[in-house]
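Thank you all for coming. Please have a look at the model on the screen, and then I will walk you through some of its details.

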Amino acid sequence: MQNRVVMLADFDYFFAQCEELRNPTIKDKPVVVGVYSGRTEESGAVSTSNYIARKYDVKSGMPLFLAKRKLEGTDAIFFKVDHEYYDYISGRIMGIFRLYASSLEQVSVDEAYLDVTEQVEGSFEKAIEYAQKIKVDVKTQVGISFSIGVGPNKLVAKIACDSQKPNGLTIVKPEQAKAFLAPLAVDRLLGVGKKTMVRMDQMGIKTIGDLAKYDCQRLIEVFGKSLGLYFHNASNAIDNEPVVEQGEAESISRIGTLKQDTRDLAFILQKTDELTEYVFKDLMERKLSFKLISIYVVMVDLSSKTRSVTLDQPSKDKETITRNVKSLFEKFLGESTLEIRRVGVKISGFNKEETHQKPLTLFFQ
Ligand code: DCP
Ligand code: CA
Ligand code: CA
């Protein structure tokens, strides 16, 4: 099975960059976006600031009066947060991301994971160009810059992204992932808060590398089974959490273009077997069973059709998908005379109880 290629995109100084976007003349001044509590004119906190203001030591969360003091004598400009506008800009960017990824998982107003494995054919070299293409596209269409981390999984992509901001592009290949994480402090891992960090410090664990080398059994004794295992895996750059579309994870599907337009069943099945492989991999990661199998067909005239079959019993296995996809195509070819250009495989009808199992990392938030 192929390596995954996962990206995390995080918009640069987002709220402040949005303000720059609609007021281009302020770009070379310190810009601060604040939440005003309304008590007095001055009371409130800094939401974020541009990188010029950061040079004066202005930080998110800082009281506004303090930020004003630090920026005294400069031509700094202060804005009130305008969430509606930031959400609108964010939505436009997410819409563009969606065109570039097999799945998109938005984690906040300014952050999203993109699974681009298929688009770059598992190649980290291609991922560099691909990431640049996305950056240029968004910059041209929306006018916003962001940083991208690329890694073999979400965990590595996130830390890669944080390591170079703003406008960064950081690639960590699978074989570099462990060494990349090793020198970093353990609290860079999701789930390692102040208390855990103190406990780990007492155990002689300061860096992610220390944690990776630590006896896994002992970690389980100290932190319990699921957390202990998670710490062991995460520090070893192992993370199998799929990139899942939020709220919409009701089906798993893949679409591909045939090398040539055809009506040849064997040729089509070669492609659908490949797609089924990906679908099945997602299915395994999410540990679901399905009841519905569908094919999606795009003809040479670009018209499209779907055909589905419902199983008597929920299934978890690949052979069931392959077999049903085959018979759906056999039937379909009998009904249509046009040559086929693109094909897709989809499974759905997941067991509701299984879909409600949350991934481990959600417990930390
Ligand atoms: N935010 C906030 N209060 C905080 C932190 C952040 O209101 N304490 C808001 C404003 C930010 C947005 O969330 O623009 C995204 O947060 P990030 O942590 O990603 O920070 P920025 O995008 O501002 O800067 P960076 O360039 O470091 O990503
Ligand atoms: Ca962010
Ligand atoms: Ca950001």
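The calcium ion (ligand 3) and the calcium ion (ligand 2) lie 3.6 Å apart, and D10 coordinates both of them. Before I go further, please keep in mind that this is a predicted model, in which local features need pLDDT of at least 70 and side-chain atom pairs count only at pLDDT 80 or more, while totals for chains, interfaces and linings use all residues. Residues are numbered from 1 along each chain as its sequence is written, chains are lettered from A and ligands numbered from 1 in the order in which they are written, and side-chain values use heavy atoms, with hydrogens and water left out.

Let me stay with the calcium ion (ligand 3), which is coordinated by D10 (OD), F11 (O) and D110 (OD) at 2.1 to 2.2 Å. When I say donors, I mean N, O and S atoms within 2.8 Å of the metal, or 3.2 Å for Na, K and Ca, and since water is not among the atoms, sites may look incomplete. The site of the calcium ion (ligand 3) is octahedral, with angles of 79 to 179 degrees among its 6 donor atoms; six donors count as octahedral if opposite donors are over 155 degrees apart and all others between 65 and 115. In sequence, the donor residues of this calcium ion (ligand 3) follow the spacing D-F-x98-D. Distant parts of the chain are linked in this way, with F11 in strand β1 and D110 in the loop between β5 (103–108) and β6, 99 residues apart. Helices (H or I, at least four residues) and strands (E, at least two) are DSSP runs, numbered from the N terminus. Are F11 and D110 buried or exposed? Both F11 and D110 are buried, where buried means under 20% relative accessible area, exposed means over 50%, and partly exposed is in between, with a 1.4 Å probe and protein chains only.

Turning to the calcium ion (ligand 2), its protein donors are D10 (OD), D110 (OD), D110 (OD) and E111 (OE), which lie 2.3 to 3.1 Å from it. Its donor residues are spaced D-x99-D-E in sequence. Here, too, distant parts of the chain are linked, since D10 belongs to strand β1 (residues 6–11) and E111 to strand β6 (residues 111–115), 101 residues apart. D10 and E111 are both buried.

Now to the aromatic rings. A pair of aromatic rings is described by the distance of the centres and the angle of the planes. How many aromatic pairs does a search of the whole structure find? The search finds 12, where rings of Phe, Tyr and Trp (its six-membered ring) pair if their centres lie within 6.5 Å, and planes under 30 degrees apart count as stacked, over 60 as edge-to-face and the rest as tilted. Y85 and Y86 form a tilted pair, 5.9 Å centre to centre with 55 degrees between the planes, and both Y85 and Y86 are buried. Another tilted pair is formed by Y230 and F231, at 5.6 Å centre to centre and 50 degrees between the planes. Y230 is buried because its relative accessible area is 10%, and F231 counts as buried because its relative accessibility is 0%.

Ring pairs also link F11, F14, F15, Y85, Y86, F97 and F146 into a cluster, and you will recognise F11 as a donor residue of the calcium ion (ligand 3). Two charged side chains meet rings of this cluster: R22 lies over the face of Y85, 3.8 Å from the ring centre, and the charged end of K135 sits over the ring of F146, 5.7 Å from its centre. A charge sits over a ring if NZ of Lys or CZ of Arg is within 6 Å of the ring centre and within 35 degrees of the ring normal.

I would also like to point out some details of the backbone. A cis peptide bond, with omega of about -10 degrees, joins K165 and P166, and P166 lies in the loop between α6 (154–162) and β8 (169–171). D57, in the loop between α2 (51–54) and α3 (64–70), has a phi near 75 degrees, a positive value in a residue other than glycine. D57 counts as partly exposed because its relative accessible area is 36%.

Finally, the chain as a whole has 14 helices and 12 strands, and of its 365 residues, 46% count as buried.

Definitions and conventions. Tetrahedral: all angles 85-135°; square planar, octahedral: opposite > 155°, others 65-115°.
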